[in-house]
Amino acid sequence: MTEVPIERLGPGETRAVAERIAGAFHVLAVTRWLVPDEAKREALLADNFEILVEHAMRHGIVHGTPDLAAVAVWLPQTGEPAPPPADYDARLAAACGEWTPRFQHLDELFEAHHPHGDHHHLVFLAVAPQWQGRGLGSALLRHHHAVLDAEGLPGYLEASSERSRELYGRHGYRAAEPFRLPDGAAFHPMWREPRG
């Protein structure tokens, strides 16, 4: 595959990035538990993800291909922690409605399993379904891993499917014990030590 162009995205692309993630994630077991209503799932996920992408635009790094077929959202966890997203509880409730308690439960699980120490957290890596399997996700990973390796920083993520766990494993991530949602759907915490 030829070199994949990757650029840093800005606040004007926040909604489009959130919609790309929702479009890629709405079929996952974990999101089926979060929003059981299939007809509402993708739009509701986009509303939720928009809060997190907006936060990353301010305090993190958001990369994508020029056409936004693939996006990656990173939050550096170094030095002083970033403040939480503004008005998070109210915005979460407005976005998630009757399923807000499920998103709150997931937030608690993420918090309980998040490692300490300096690292960059890959919050989302999403590729449009029609572009999956063509190396775009790998290109985004290599792009940011070059920065992590140069700075001697580890990477951390929570893989939400077996397919993504295998992808991250090929890029040097090692899985810890999974944690599970009440229906059994699993997240796999994964850690990558810097190379070189």
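These legends walk through four close-up views of a predicted model.

**View 1. The stretch that carries a domain label.** In an unreviewed UniProt entry, residues 114–193 are annotated as "domain: N-acetyltransferase". Helix makes up 31% of this span, and strand also makes up 31%. Look for the C-alpha atoms at its two ends: they sit 16 Å apart.

**View 2. Helix 4 meets helix 5.** Here you can see helix 4 (residues 88–96) and helix 5 (residues 100–113), whose axes come within 8 Å and cross at roughly 130°. An angle between 115 and 145 degrees falls outside the parallel, perpendicular and antiparallel ranges, so helix 4 counts as oblique to helix 5. Helix 4 brings Tyr88, Leu92, Ala93 and Cys96 to the contact, while helix 5 brings Thr100, Phe103, Gln104 and Asp107. Sort the residues in this contact by class and you get 5 nonpolar, 2 polar and 1 charged.

**View 3. Two rings, edge to face.** The model has 8 aromatic pairs, and one of them is Phe110 with Phe187. Their ring centres are 5.1 Å apart and their planes meet at 75°; since anything over 60 degrees counts as edge-to-face, that's what this pair is. Phe110 belongs to helix 5 and Phe187 to strand 8 (residues 186–192), so the pair joins distant parts of the chain, 77 residues apart. Is each ring's residue buried or exposed? Phe187 is buried, because its relative accessibility of 5% is under the 20% cut-off. Phe110, at 24%, is partly exposed.

**View 4. A cluster of rings.** Find Phe25, Phe49 and Phe124: ring pairs link them into a cluster.

Technical notes. Residues are numbered from 1 along each chain as its sequence is written. This is a predicted model: local features need pLDDT of at least 70, side-chain atom pairs count only at pLDDT 80 or more; totals for chains, interfaces and linings use all residues. Side-chain values use heavy atoms; hydrogens and water are left out. UniProt positions are given in the numbering used here, feature names are shortened, and annotations may be inferred rather than shown by experiment. Helices (H or I, at least four residues) and strands (E, at least two) are DSSP runs, numbered from the N terminus. Axes are lines fitted to C-alpha atoms, for helices over the stretch in contact, and angles run from 0 to 180 degrees between N-to-C directions. Angles under 35 degrees count as roughly parallel, over 145 as roughly antiparallel, 65 to 115 as roughly perpendicular and the rest as oblique. Contact means heavy atoms within 4.5 Å. Ala, Val, Leu, Ile, Met, Phe, Trp, Tyr, Cys and Pro count as nonpolar, Asp, Glu, Lys and Arg as charged, and the others, Gly among them, as polar. Rings of Phe, Tyr and Trp (its six-membered ring) pair if their centres lie within 6.5 Å; planes under 30 degrees apart count as stacked, over 60 as edge-to-face and the rest as tilted. Buried means under 20% relative accessible area, exposed over 50%, partly exposed in between (1.4 Å probe, protein chains only).
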